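Subject: Structure for you to look at, with notes

Dear colleague,

I am passing on a structure that I would like you to open and read alongside this message. Please keep the sequence beside you as you go through the notes.

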Amino acid sequence: MTLLRDATVVLRRQVRLNLRNPAWVLLGVAQPILYLVLFAPLLGPIADQIGVENAYTFFVPGLVVQMGLFGALYVGFNLLAEWREGVVEAERVTPASRGALLLGRLGRDVLQLGIQCLILVGAGYVMGMDAPVAGALAGVGIALLLGAAGSALSNAVALRTRSEEVMAPLVNVVTMPVLLLSGILLPMTLGPGWLRTVSDVMPVRHVVDAVRDVFSGTPSAPTVGLGVGVTCAMLVAGLTVGVLAFRREDA
Amino acid sequence: MIQTRDLRMSFDSGRGRRRRTVEAVRGIDLDIGRGEIVGLLGPNGAGKTTTLRILSTLLRPTSGEVLVCGRDVRADPREVRRRLGYVSQGGSTSRRARAGDEATDRGMLYGLTRRAARTRARDLFDRLDLGDLWDRPAGSLSGGQRRRLEIATALVHDPELVVLDEPTTGLDPQSRANLWDHIRDLRASRGATVLVTTHYLDEADALSDRLVVVDHGSVVATGTSEDLKADLDDDVLTVRLADPADAGRAALCAGAATGDVFTPGDGVVTGPLRAGSGGLAVVVRELDRHDVAVAGLDVRRPTLDDVFLTLTGRSLRDAA
């Protein structure tokens with residue numbers, strides 16, 4: 001299938017470029033590791049009060065989602081740099097499908113996020129996280145689907161705005177409420193009723209719940225189903241706007 | 001190879017109350033045959049790049065018919081893309097990527113196998129004097145090398161039609177002349193049709209069989225550069241004066257002698273030398289009679305710059 005073939009060509013080029021500068025992979029994982037080392041220990045003493053047995057088993061899944069989504073939301077800056085160099089336009093004058101130009105880049109992002117998630121989960125085990133390996137891998141899988149959605153959205157926004165100055169505050173405006181309302185740092189069940197209601201309409205909260213559930217080793221079908229469903233819906237929406245952005249203005 | 005009828009393109013620019021429609025292309029008709037090298041000449045903002053982007057399927061025209069390589073760019077963009085090589089003004093390679101990889105990857109996006117793409121790219125590197133730069137990051141190449149690399153990446157799929165947008169802008173004179181040779185070679189060795197935009201007159205003159213002069217989004221003249229110059233059949237006479245203060249008086253004398261308008265300049269007067277007006281001798285005699293001392297004379301054939309001035313009322317250099 002030419003779509004997959006072309007996407008592979010794009011993916012290989014992107015991975016090659018990333019490998020020329022592997023420091024970015026480590027920089028991307030630095031922030032979650034800092035959270036893990038400097039914030040998670042604060043949760044230890046209050047674990048009982050917030051209703052969790054092991055602070056790390058609670059906290060690592062949230063960080064995995066945070067990295068999957070937030071890491072992905074910044075990839076648009078990459079695309080803007082490519083756009084300024086004329087690469088996006090040069091690829092658009094080839095007969096390659098517009099979807100392949102997006103998919104190849106998503107592939108790179110998922111690959112990179114996957115490596116970062118595995119580093120993070122490994123660090124979690126070192127700190128004393130208690131989670132079955134299969135559950136942890138499933139959780140990473142869900143986070144990566146969410147990451148693909150975020151990356152597609154970020155690429156679309158980059159091609160739409162074509163401006164770093166517009167994009168930077170936009171990404172911030174999105175990430176702050178997501179971080180606060182998704183229960184990444186603390187369980188939303190601690191909050192008052194109104195805060196819980198607000199967080200209920202925050203799609204990412206259900207993804208965090210699902211990932212946390214599979215990490216626990218005793219997943220419940222409704223929680224996981226809702227989380228995976230929300231993730232897939234976001235992925236479809238992201239891919240749609242992403243492909244449209246690459247097609248825009250085409251003759 | 002290229003046929004457009006009443007091609008139009010307008011953009012909305014600005015927002016809210018300042019929103020207005022900019023007509024970048026206002027009814028351009030082009031007919032370019034196989035194997036031609038055609039120069040699209042005009043000042044910045046004349047609509048050259050917009051026209052090229054429409055031909056390359058990057059922009060959807062507002063209206064008009066556009067056939068490229070026998071295919072409608074709107075109905076069949078993919079077939080057009082297969083046959084066309086586009087060298088954009090702003091570059092097409094990533095600073096960080098290796099030169100050889102960029103060319104190979106681009107070829108693979110055109111459907112070539114990796115082996116075929118690499119073979120083609122190697123061949124083009126040799127032709128374009130990029131032979132030993134294969135492993136170098138594109139960002140480390142000189143301006144001329146980078147431009148040749150971008151031409152190579154646009155040619156890996158052996159296109160029938162090559163479209164280049166101001167390929168020599170920002171290059172030193174030596175690199176420009178070198179690039180002209182390579183552009184001419186596209187047709188000589190591969191039979192490609194070439195459309196190249198430029199706002200350099202010498203470039204248009206040196207490169208193309210035929211020129212299409214555009215200004216404000218429409219075609220103002222077409223023809224060979226000789227044709228265009230022949231339309232201005234008057235030679236241009238410049239008289240250098242021993243005393244710059246004589247300029248006004250000298251212009252009147254020369255005008256009276258030839259019946260044409262002579263313009264006084266900085267120590268010179270310039271005007272047309274019409275065939276059959278008695279020419280040079282009359283002017284000199286008239287100046288002598290009025291005791292205007294002449295320091296030198298220069299008669300030259302009109303240049304494309306004069307053509308452009310006549311067609312648009314402004315100099316190409318001022319406009320650019």
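The notes below go through the sheet, the domains and the contact between chains.

Please bear in mind that this is a predicted model, in which local features need pLDDT of at least 70 and side-chain atom pairs count only at pLDDT 80 or more, while totals for chains, interfaces and linings use all residues. Residues are numbered from 1 along each chain as its sequence is written, and chains are lettered from A and ligands numbered from 1 in the order in which they are written.

Chain B holds an open sheet of six strands, in the order E6-E7-E8-E3-E9-E10 and with mixed pairing. Helices (H or I, at least four residues) and strands (E, at least two) are DSSP runs numbered from the N terminus, and two strands pair if DSSP finds at least two bridges between them. Because strand E6 (84–87) and strand E10 (218–223) of chain B each have a single partner strand, they stand at the edges, and one side of each is left without a neighbour in the sheet. From one strand to the next, the twist averages 15 degrees; axes are lines fitted to C-alpha atoms, for helices over the stretch in contact, and angles run from 0 to 180 degrees between N-to-C directions.

At one edge, E6(B) runs parallel to strand E7 (residues 161–165) of chain B and is joined to E7 by four bridges, with B:Val87 having B:Leu164 as its bridge partner. Helix H5 (residues 143–155) of chain B packs on the sheet, where it touches E6 and E7 of chain B, and its direction makes about 160 degrees with that of E6(B). Contact here means that the C-beta atoms of two residues, placed from the backbone, lie within 7 Å.

At the other edge, strand E9 (residues 210–215) of chain B pairs with E10(B) in the antiparallel sense over five bridges, and B:Val213 stands opposite B:Ala221. The hairpin of these strands has two residues between them, and B:His216 takes a positive phi near 50 degrees there.

The domain assignment of chain B, automatic or from a database, gives domain 1 (2–229) and domain 2 (233–301), whose centres, taken over C-alpha atoms, are separated by 44 Å.

Finally, 30 residues of chain B are in contact with 21 residues of chain A. On the chain B side, the largest share, five residues, comes from H3(B).

With best wishes
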